[in-house]
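Me: I'm new to this one, so please give me a close look at its salt bridges. Start with the term itself, then show me what surrounds those pairs.

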Amino acid sequence: MPENAPTPDPKQVDIVAPTPRRSTWSEMKTSEDWWAIWIGGLLLLICFLAFYLNLPNNFSEQLAEAKTAGEKPSVHSPLKPWLAKPGSWTQNPISSIFPPEKKNLLIPLCAVFFISLCAFSLGIKAMGHSVTKFAVGFIGVFLLATLAYVLTGQVVAKRYNLEYALWALMIGLVISNTIGTPEWMKPALKTEFYIKTGLVIMGASVLFSRLLILGLPGICIAWIVTPIVLISTYAFGQKILKLESKSLNMVISADMSVCGVSAAIATAASCKAKKEELSFAIGLSLSFTVIMMIVMPALIKVLGIGPILGGAWMGGTIDSTGAVAASGAILGEQAEQVAITIKMIQNILIGVTAFGVAVYWVTRVEGKESQIKPDAWEIWYRFPKFVLGFVLASSVFSLMYVYMQGGDIIVPTMVKESSKVFRGWFFCLAFISIGLETNFRELTKFLKGGKPLILYVCGQSLNLILTLLMAWLMFSVFYKDAINELFNK
């Protein structure tokens with residue numbers, strides 16, 4: 001039991017049961033991860049076909065002439081005029097949508113809204129939720145995301161690099177901590193759904209050569225530091241703090257070292273944690289996630305740490321994928337790509353961690369009395385499937401970039417003028433959702449947890465130190481030249 005937490009009624013103490021397994025085919029039709037792949041993949045396909053089918057008939061000749069002249073032919077996506085975000089402005093925010101002497105952006109914004117609503121509604125319907133309630137809430141979330149983009153476009157804000165991620169978070173936090181998040185908006189607060197879909201789309205812009213270069217040091221950061229931190233934190237809780245509840249100790253350790261809520265849920269089922277222990281661990285994690293996602297980008301700037309190293313540090317330490325994306329976006333596109341890549345590599349450990357904890361609980365904690373039956377299929381079952389979509393998108397568009405005639409022009413232009421617009425909007429929707437779901441008054445109770453709080457702070461401190469050290473070794477020593485060449489092309 002968490003110290004200083006209310007004592008539950010013994011009759012109401014429930015054990016976190018493993019989620020009933022469904023067939024992969026069933027999950028492909030109803031799970032959030034798979035629908036992120038379907039939606040992201042469909043939008044990428046539409047963006048590519050719209051571009052490819054509208055290439056000029058003499059495109060091959062243009063390529064040959066441009067190559068002879070040492071230039072690149074000028075081609076554009078036909079979707080570019082129909083997809084947009086608010087522009088820049090100086091004194092009148094309305095001019096960000098209705099710029100003087102230019103075509104207004106109202107129709108492109110409405111197009112993005114309508115396409116996004118239809119796409120996510122398909123997934124919401126398949127997952128068994130109310131499309132009507134989602135649609136009503138989505139209107140509010142999208143309008144707040146639009147406001148975040150409008151604030152980002154202000155020339156002074158742009159000068160100080162106040163990115164849309166920061167504005168989106170602040171808007172959501174202000175609303176949730178003052179008037180409170182309206183009930184009608186809550187069905188549309190699908191943070192992970194928006195983030196996962198945006199990450200699948202992002203795969204088209206992270207070419208496989210870049211993914212391989214980032215992946216090697218990323219594996220060292222995520223797959224070496226994470227187990228060390230998890231085991232050390234658990235041992236610290238048992239040997240030094242002497243926490244009575246081993247299951248609470250394990251859930252907090254996994255939550256903090258792997259990737260937050262998903263790892264906590266998977267681990268809680270493996271070690272038969274009580275539901276109030278899982279809730280406490282998740283609340284504790286969310287409290288520090290909100291703090292870290294705002295403080296770490298500022299700290300990285302103050303310390304003069306570069307965006308690449310800073311992104312790697314955040315990707316390995318901030319618990320939530322959405323929070324990692326938001327923090328990375330605050331530091332810029334390079335930090336965002338590095339942070340997200342490392343976090344997704346770390347996400348792969350969810351299934352491995354759940355399986356390892358189950359084996360440990362059977363053999364060392366409960367012995368023969370345990371009813372847990374560790375199964376290697378748990379690794380696949382817990383595997384974050386949206387990562388497959390990211391890797392597949394990266395692989396497909398990498399092959400196009402290399403082998404398709406004019407691929408080095410088609411792929412970057414398509415990404416810049418169409419798919420990147422959707423990715424930015426989906427991330428912004430996620431950041432608004434994070435803010436609207438975060439109420440500091442509700443989180444403060446998790447910062448008064450006695451020994452569990454000490455466990456989390458000490459474990460996260462170790463995580464921050466080891467991750468920064470490993471990130472520095474990987475990105476500034478061993479892979480320094482490859483990383484610099486990658487981002488300076």
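Reply: A salt bridge here is a side-chain nitrogen of Lys or Arg within 4 Å of a carboxyl oxygen of Asp or Glu. Keep in mind that this is a predicted model, where local features need pLDDT of at least 70 and side-chain atom pairs count only at pLDDT 80 or more, while totals for chains, interfaces and linings use all residues. Residues are numbered from 1 along each chain as its sequence is written, and side-chain values use heavy atoms, leaving out hydrogens and water.

Searching the whole structure turns up 6 salt bridges. Let's begin with K420 and E333, whose side chains meet at 3.4 Å, N to O. This pair links distant parts of the chain, since K420 belongs to helix α19 (residues 407-437) and E333 to helix α15, with their positions 87 residues apart. Helices in this account are DSSP runs of H or I with at least four residues, strands are runs of E with at least two, and numbering goes from the N terminus.

How covered are the two partners? We call a residue buried under 20% relative accessible area, exposed over 50%, and partly exposed in between, using a 1.4 Å probe and protein chains only. K420 counts as partly exposed because its relative accessible area is 33%. E333 has 40%, so E333 is partly exposed too.

Helix α15 spans residues 333-347, and N347 is part of it. Is N347 buried or exposed? N347 is buried, because its relative accessible area is just 2%. Setting aside residues up to four places away in sequence, N347 touches C259, T321, P384 and F386; a contact means heavy atoms within 4.5 Å. Further along the chain, V387 sits in helix α18 (residues 386-403). V387 is also buried, because its relative accessibility is 6%. The C-alpha atoms of V387 and I348 are 8.2 Å apart, although the two are 39 residues apart along the chain.

Now for another pair. The side chains of D33 and K196 form a salt bridge at 2.5 Å, N to O. D33 is in helix α2 (residues 32-52) and K196 in helix α8 (residues 191-202), so this bridge ties together parts that are 163 residues apart in sequence. Both D33 and K196 are buried. They also have company: E32 joins D33 and K196 in a network of salt bridges.

Next come K186 and E183, whose side chains meet in a salt bridge of 2.8 Å, N to O. K186 has a relative accessibility of 38%, so K186 is partly exposed. E183 reaches 58%, which means E183 counts as exposed.

What about charged residues outside the bridges? K239, K242, K246 and R364 form a positive patch on the surface. Patches are built from residues with over 30% relative accessible area and no salt bridge, joining like charges within 9 Å, or nonpolar side chains (Val, Leu, Ile, Met, Phe, Trp, Tyr) within 5 Å. Lys and Arg count as positive, Asp and Glu as negative, and His and the chain ends are not counted. A charge is placed at NZ of Lys, CZ of Arg, CG of Asp or CD of Glu.

Within that positive patch, K242 lies in the loop between α9 (208-239) and α10. K242 is exposed, because its relative accessibility is 56%. Phi of K242 is near 55°, a positive value in a residue other than glycine. K246 belongs to helix α10 (residues 246-259). With a relative accessible area of 37%, K246 is partly exposed. Over in helix α9 you'll find A235, which is 15 residues from M250 in sequence and 9.4 Å from M250 in space, C-alpha to C-alpha.

The surface has a nonpolar patch as well, made by M170, I291, I294, V295, L299, V302 and L303, with about 580 Å² of accessible area together. That area comes from the Shrake-Rupley method with a 1.4 Å probe, and for residues only the protein chains shown count as cover. Helix α12 (residues 275-303) gives this patch the most, with 6 residues. I294 is found in helix α12, and I294 is partly exposed because its relative accessibility is 32%.
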